[in-house]
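Please examine the sequence and the structure shown below before reading on. This briefing then treats the overall form, the sheet, the core and one glycine in turn.

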Amino acid sequence: MNTLQSKRCEICNSEMYEGELGEAWWICSNKECSRSNPNWPTEELMKKIQPKYDEIQNKINNLKALIIEKISAEVEIHTARWIADGSGCLKMHDRKIEFYFKEGIVYYFTDNQELITSFKEQNLDEHLLEVWRLTMEQLSLFR
Ligand SMILES: [Zn+2]
C-alpha cells in the first residue's frame, strides 16, 4: 500500500488502497462497497455490456446450428485470429471442416469439391460471415 497517495471511493467515499498487479488500480477499503472487490472494473464493465452481449449471443445462437445436405451442423468461430480475417470450424456429425475468411470470401479446408459446391449453393458463406461479424461485434464490447 502506498501511503503517500490516497484516494476516496466515488461510491461510498471511503479510503481506497492500491490493488496488486492484475487487480483494480484502486480498491475500496469499505468491505460493504462493490468497489472493495479487486475485480470491480471488470464487473462494472460486464454489467454495462451485458444486455448488448446477450442480444448478440441470441443472434449467434440462432445462426450457429444449421442443416447442410440434411445433416445438422454447427458453426464455431475462433475468437483468436490466426489466419486471414478470421477463421472457424464447421462441425458436421462425422467431420470437422475448418475455414477462414479473407476479404468477404470463405475458404474451406477440404478437397471435397462436391461439398464446397453445395456450401456455395446454400449461401453458406454469407451465413458464416454473419456469425463471424456478430462474434467480432461481441468481442469489441470488451474494448
Ligand atoms: Zn467504496
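The points that follow are grouped by topic, from the whole chain down to a single residue. The structure is a predicted model. The protein contains three helices and eight strands, and its C-alpha trace spans about 70 × 25 × 25 Å along the principal axes.

**Overall form**

- From the start of the sequence to its end, the elements follow the pattern β-β-β-α-β-β-β-β-β-α-α.
- The radius of gyration of the protein is 22 Å, whereas a compact globule of 143 residues would have a value near 15 Å.
- The domain assignment divides the protein into domain 1 (7-38) and domain 2 (45-140).
- The C-alpha centres of domain 1 and domain 2 are 41 Å apart.
- Of the 143 residues in the protein, 17% are buried.
- Among contacts with a separation of 6 or more, 26% join residues that are 24 or more positions apart.

**The five-stranded sheet**

- Five strands form an open sheet in the order S4-S5-S6-S7-S8, and their pairing is antiparallel.
- Strands S4 and S8 (105-108) are the edge strands, since each of them pairs on one side only.
- On average, neighbouring strands of this sheet are turned by 35 degrees against each other, with direction ignored.
- As a general rule, the strands of a sheet pair through backbone hydrogen bonds, in either a parallel or an antiparallel manner.

**Pairing of S4, S5 and S6**

- Strand S4 (residues 65-68) pairs with strand S5 (residues 71-77) in the antiparallel sense, over four bridges.
- One residue pair illustrates this pairing: Ile 67 has Ser 72 in S5 as its bridge partner.
- S4 and S5 form a hairpin with two residues between them, and Glu 69 in the turn has a positive phi of about 50 degrees.
- S5 is also joined to strand S6 (residues 86-92) by five bridges, and S5 and S6 run antiparallel.
- Here Glu 76 has Cys 89 in S6 as its bridge partner.

**The largest nonpolar core**

- The largest nonpolar core has 14 residues, of which Val 75, Phe 99, Leu 128, Val 131 and Trp 132 touch the most other members.
- At least two residues of this core come from each of S5, strand S7 (95-102) and helix H3 (124-140).
- Helix H3 supplies the largest share of the core, namely five residues.
- In soluble globular proteins, nonpolar side chains tend to be buried together.
- Which residues does Phe 99 touch, not counting those up to four places away in sequence? They are Ser 87, Gly 88, Leu 90, Val 106, Tyr 107, Tyr 108, Phe 109 and Leu 128.

**Gly 86**

- Gly 86 is found in strand S6.
- Is Gly 86 buried or exposed? Gly 86 counts as buried because 21 other C-beta atoms lie within 10 Å, and the cut-off for a buried residue is 20 or more.
- With neighbours within four places in sequence left aside, Gly 86 is in contact with Ile 77, Arg 81, Tyr 100, Phe 101 and Trp 132.
- One of these contacts, Trp 132, is also among the core residues that touch the most other members.
- Gly 86 and Asp 54 are 32 residues apart in sequence, and their C-alpha atoms are 22 Å apart in space.

Technical notes. Residues numbered from 1 in each chain as written. Predicted model: local features only at pLDDT ≥ 70, side-chain atom pairs only at ≥ 80, totals over all residues. Pairing = 2+ DSSP bridges. Domains from an automatic or database assignment. Axes fitted to C-alpha atoms, helices over the stretch in contact; angles between N-to-C directions. Core = buried A, V, L, I, M, F, W, Y, C linked by C-beta atoms within 7 Å. Buried ≥ 20, exposed ≤ 12 C-beta atoms within 10 Å, placed from the backbone. Contact = placed C-beta atoms within 7 Å. Rg over C-alpha atoms; globule rule 2.2 N^0.38 Å.
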